[in-house]
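These are my notebook entries on one structure. I set down in turn what I looked up and what I found.

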Amino acid sequence: MEQKKETLLEIHNLSVSFRMYDHGLKQQDLQVISDLYLTVHPGEIVAVAGSSGSGKSLLASAILGILPGNATVRGHLHYQGQELTPERQKALRGKEIALVPQSVAYLDPLMKVGAQADGHERPRPTKKRRQLFQRFGLPEETARRYPFQLSGGMARRVLVSTALLTEAKLVIADEPTPGMGLAQALEALRMFREMADEGRAVILITHDIDLAFEFADRVAVFYGGTTVETAPASDFKEGPSALRHPYSKALWSALPQNGFHPIPGFQPYAGSLPRGCLFAPRCPDKTPQCMTDVPPVREVRGGEVRCYYGS
Amino acid sequence: MKGTLGRLARIFLTYSVKMITVLLAVSALSFALVSQSPVDPVQQYILGFGTAISPAQRAQIEDYWGVNKPPVERYLHWLSELLQGNLGESLLYRRPVADIIGERFLNSLGLMLCAWILAGVIGFTLGCVMGMYRDHWPDKLLRRMCYSLSSIPTFWLGLMFLLMFAVWLRWFPIGFSSPVGLLDEEVTIGQKLYHLILPAFTLSLASFANIALHTRQKLADVLNSEYVLFARARGEGQWTILRRHGLRNILLPAITLQFASFAELFGGSVLAENVFSYPGLGSAVSAAGLNSDVPLLLGVTLFSTLFVCVGNMTANLLYGIIDPQIREVGA
Amino acid sequence: MRSLNRRKKLLLLTVGMGVVFFGIYGLGILIPEEWVAGSFLSARQPPSLAHPFGTDALGRDLLLRTLKGLSVSTTVGLIASGVSAVIALLVGIAAATGSRWMDGAISWLIDLVMGVPHTILIILISFAMGRGLKGLLVGIAATHWCSLARLIRGEVLQLRSQQYVAVSRKLGKSSGWILIYHLLPHLLPQFFVGLVLMFPHAILHEAAISFLGFGLPPEQPAIGIILSESMGYLSAGLWWPAVLPGLTLVLLVLLVDNLGEQLQSLFDPSSAQE
């Protein structure tokens, strides 16, 4: 057997829950991520796909250690072979691990964009930032503007450049492309590709599944706060027959170019999760076992699947 | 930038119109009120002089107050004199009201300015501390203190300070704006400040709780924002976040609020000046009221309204500077 | 559990408030004038068992005077804040339901009242009415309604946009009907919380104005007057006439304030200062 590739980030059995007060009376733990796994190697782009509410964005916060105070994290989070403790997260974020957030709301409304992209570290990477802005087609005066003066696409390009300015080995991009034109989105993704080719790793959290398939090496599909399948991106291009989990297949069929066949039912809400497999209530191939026991993760054809029957 | 200037000019004009109508209304209202008073200003004035008043003087006073004319005519006459800068003569001090206001306002301004800055700085700092330690013990303690302070009458607090620091500890003088028995020219700035410390501190205590609680709330909003989450994701520590994002987003609203609080400041100064026998407008107005010095009472009322309006105008202009950015981000 | 505690706390506070309130009030009325009138033999005595608050320069017992003063203060505070809250309710509803012109005029009126420092305005009103209790009441009532009126205006505007109000209107109910059956029931909690929160302010203003000499006549045992008199003896080291009556006033105000906060957090949990 070939020696296993070095891993940069390794997550398994991760669960995140929020302590909530119901009408100020009852304390309730809301489990939003359960039994999640994800492995990221240097030099690859891992796309994380799934509908909203599947825990994609929370994963980013959990890796960075910036979840709100009422959140509890359990499970294994390892970065470069060592456990990611809160102290280590604090030391690494912004330097080793960078985030590309979702929207312009993540920019300080009263700070000029240039200063924000430069960040708080000294010396300021102003020269590098100018080159990046130029590459992204952001005019010179963009740096002197306030966030509210930017278009949605411009703001996203600024957000992407904040991560590209760091020396981070791991970039987590949370929906970086919506709002950009196709050319700009392709440019951003090409930059992520370049970063990966330099030996860094990118986690691409996205709705734009087809774009992601194009640039990612592997795809992880999230459902109800857990990973149901990870597979090489090529399998997703090939179609349902190459995929392992019924939800991945359904996701593929729901794409417009594949016939736009949505699956009936809803993703379960945190707080009312089914007992067995999270997808069982909507699964066309479910068996009684699926309703009572959580299926384990199995390696199937170079990918992983959380299903008794996936092959 | 041109847009901002235009907007500020518009705010300035709109508010100026409002300010003029408010000032006119206050002048009419206060004139009506003092006319209602059982005290007759002319009689009071003449009584003060006893027999030492010539018929010519008497006629001049009667002319100013429009004795024996209908109320509206009297008001209009008084108003036209007012607009020419003639606020009448104080019967308590036997000098033109305008002179007294000018002189006393300087004293009051020193007091109010010190208290205003003190309240702003203390309040803002405490607000930041409360916001940074939200729901932990420093926050709980300070918050309780702020709420309690608003239940304590300023003048009683002043009395307590006087008792503690001036009578028992003898750290500060009992009152007045300068050592008794010295001429104005002989008083040094140091002495003036020394006499100012206790009253200014008392006055600032009356208003800093408001600004502290407001700052706490604003800072809490900022710290809950997505841009602070991103700042944390980029490795900024909590004090870096306060410096880079917190102050930037809460300082201007806090200053705005401070400008909008001129009415409370002036009201508080009336009490503080009376407790500390400080010769400012506040002690003048209560003396005027007690001694039926109608011209002075009217003069100070109008002047205090003008003072409050200037503060509100500044606050509005500041809003005009902050507003568009906030509005367009929210949209 | 927490909610239960809050309710219990509120109940306790309300009962405590009631006891203190009626206690003070009753004592103030029951204490005969002769008791308060002291003699020069017992003048300027520091606190003792016979006179827990000491005596003043005229030999009057300060505890009795303070209690009588507080009963006057609470009466003034209650009447003035009650009148002020009713004004706020009427003005607030008028601003929200009247024409644009009316709304503008009321907003201007509020600016006008807020434009003059309240202390000055009360002095002016008190002066116009020849000082004394009436001027004080009118002055305090006339200056305290503004912020509650704004609050109520906002509330009414919000209520008016609700579905059921629109439905009632479609059903042909008159404005008066909607006001009585839909608006007022929702406004009452706001109104009472506003009233209770206004009450301590009114008491504080009463004390302040009496302190300045514009409130009650000097022979009346008001807290402001006791404190004003105490100023003259402060430099002689007579601390008790200034400290103890003032402290009693502060405790009363804190109690009322606390009650107001509890009420507010009960009616409107989101605004609770938790």
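**Entry 1. Chain A as a whole**

I began with burial in chain A: of its 311 residues, 44% count as buried. The model is a predicted one, and I kept this in mind throughout. I then looked up the secondary structure of chain A, which comes to 10 helices and 12 strands. The C-alpha trace of chain A spans about 60 × 50 × 40 Å along its principal axes.

I next asked what radius of gyration chain A has, and how it stands against a compact globule. For 311 residues a compact globule would have a value near 19 Å, and chain A has 20 Å, which agrees. I also looked at contacts in chain A between residues at least 6 apart in sequence; 65% of these join residues at least 24 apart.

**Entry 2. Confidence**

I recorded the scores of the model, which are ipTM 0.87 and pTM 0.84. For chain C, I noted an average pLDDT of 82, with 91% of the residues scoring at least 70.

**Entry 3. A strand covered on both faces**

I turned to strand β6 of chain A, residues 97-100. In a regular strand the side chains alternate between the two faces of the sheet. I therefore sorted the residues of β6(A) by side: A:Ile97 and A:Leu99 lie on one, A:Ala98 and A:Val100 on the other. All four residues are buried, and both faces of the strand are thus covered.

Which strand is joined to β6(A), and in which direction does it run? I found strand β7 of chain A, residues 170-174, which runs parallel to β6(A) and is joined to it by 4 bridges. Within β7(A), A:Ile172 is the bridge partner of A:Leu99.

**Entry 4. An enclosed helix**

I examined helix α9 of chain A, residues 246-254. Because 7 of its 9 residues are buried, the helix is largely enclosed by the rest of the structure. I listed the buried ones as A:Pro246, A:Tyr247, A:Ser248, A:Lys249, A:Ala250, A:Leu251 and A:Trp252. I then looked for what covers them, and found that the cover includes β3 (45-49), β9, β10 and α8 (233-238) of chain A.

**Entry 5. A glycine in a loop**

Between β9 (218-223) and β10 (226-232) of chain A there is a loop, and A:Gly224 lies in it. Is A:Gly224 buried or exposed? I counted 24 other C-beta atoms within 10 Å, so A:Gly224 is buried.

Leaving aside neighbours within four places in sequence, I found A:Gly224 in contact with A:Ser54, A:Gln267, A:Pro268, A:Leu273 and A:Leu278. A:Leu273 is 49 residues from A:Gly224 along the chain, yet their C-alpha atoms are separated by 8.1 Å.

**Entry 6. Backbone exceptions**

Most residues other than glycine have a negative phi, and most peptide bonds are trans. I looked for residues that depart from this.

I noted A:Asn13, which is not a glycine but has a positive phi of about 55 degrees. A:Asn13 lies in strand β1 of chain A, residues 9-22. It has 13 C-beta neighbours inside 10 Å and so counts as partly exposed.

In chain B, I found a positive phi near 55 degrees at B:Ser292, in the loop between α12 and α13. B:Ser292 counts as buried because it has 22 C-beta neighbours inside 10 Å.

I also found a cis peptide bond from A:Arg122 to A:Pro123, with omega near -5 degrees. A:Pro123 is placed in the loop between α3 (113-118) and α4 (126-135) of chain A.

**Entry 7. A helix in chain B**

I checked the length of helix α4 of chain B, residues 71-83. At 1.5 Å a residue, its 13 residues should span 18 Å; the end C-alpha atoms are 18 Å apart, which agrees. After α4(B) comes B:Gly85, with a positive phi near 90 degrees.

**Entry 8. Contacts between chains**

I looked up where chain A meets chain B: 19 residues of chain A are in contact with 18 residues of chain B. The chain A side has 13 nonpolar, 3 polar and 3 charged residues.

How values were computed
Residues are numbered from 1 along each chain as its sequence is written. Chains are lettered from A and ligands numbered from 1 in the order in which they are written. This is a predicted model: local features need pLDDT of at least 70, side-chain atom pairs count only at pLDDT 80 or more; totals for chains, interfaces and linings use all residues. A residue is buried if 20 or more other C-beta atoms lie within 10 Å of its own, exposed if 12 or fewer, and partly exposed in between; C-beta atoms are placed from the backbone. Helices (H or I, at least four residues) and strands (E, at least two) are DSSP runs, numbered from the N terminus. Two strands pair if DSSP finds at least two bridges between them. The expected span of a helix is 1.5 Å times one less than its number of residues. Two residues are in contact if their C-beta atoms, placed from the backbone, lie within 7 Å. Ala, Val, Leu, Ile, Met, Phe, Trp, Tyr, Cys and Pro count as nonpolar, Asp, Glu, Lys and Arg as charged, and the others, Gly among them, as polar. The radius of gyration is taken over C-alpha atoms; the globule rule is 2.2 Å times the number of residues to the power 0.38. pLDDT is the predictor's confidence in each residue, from 0 to 100.
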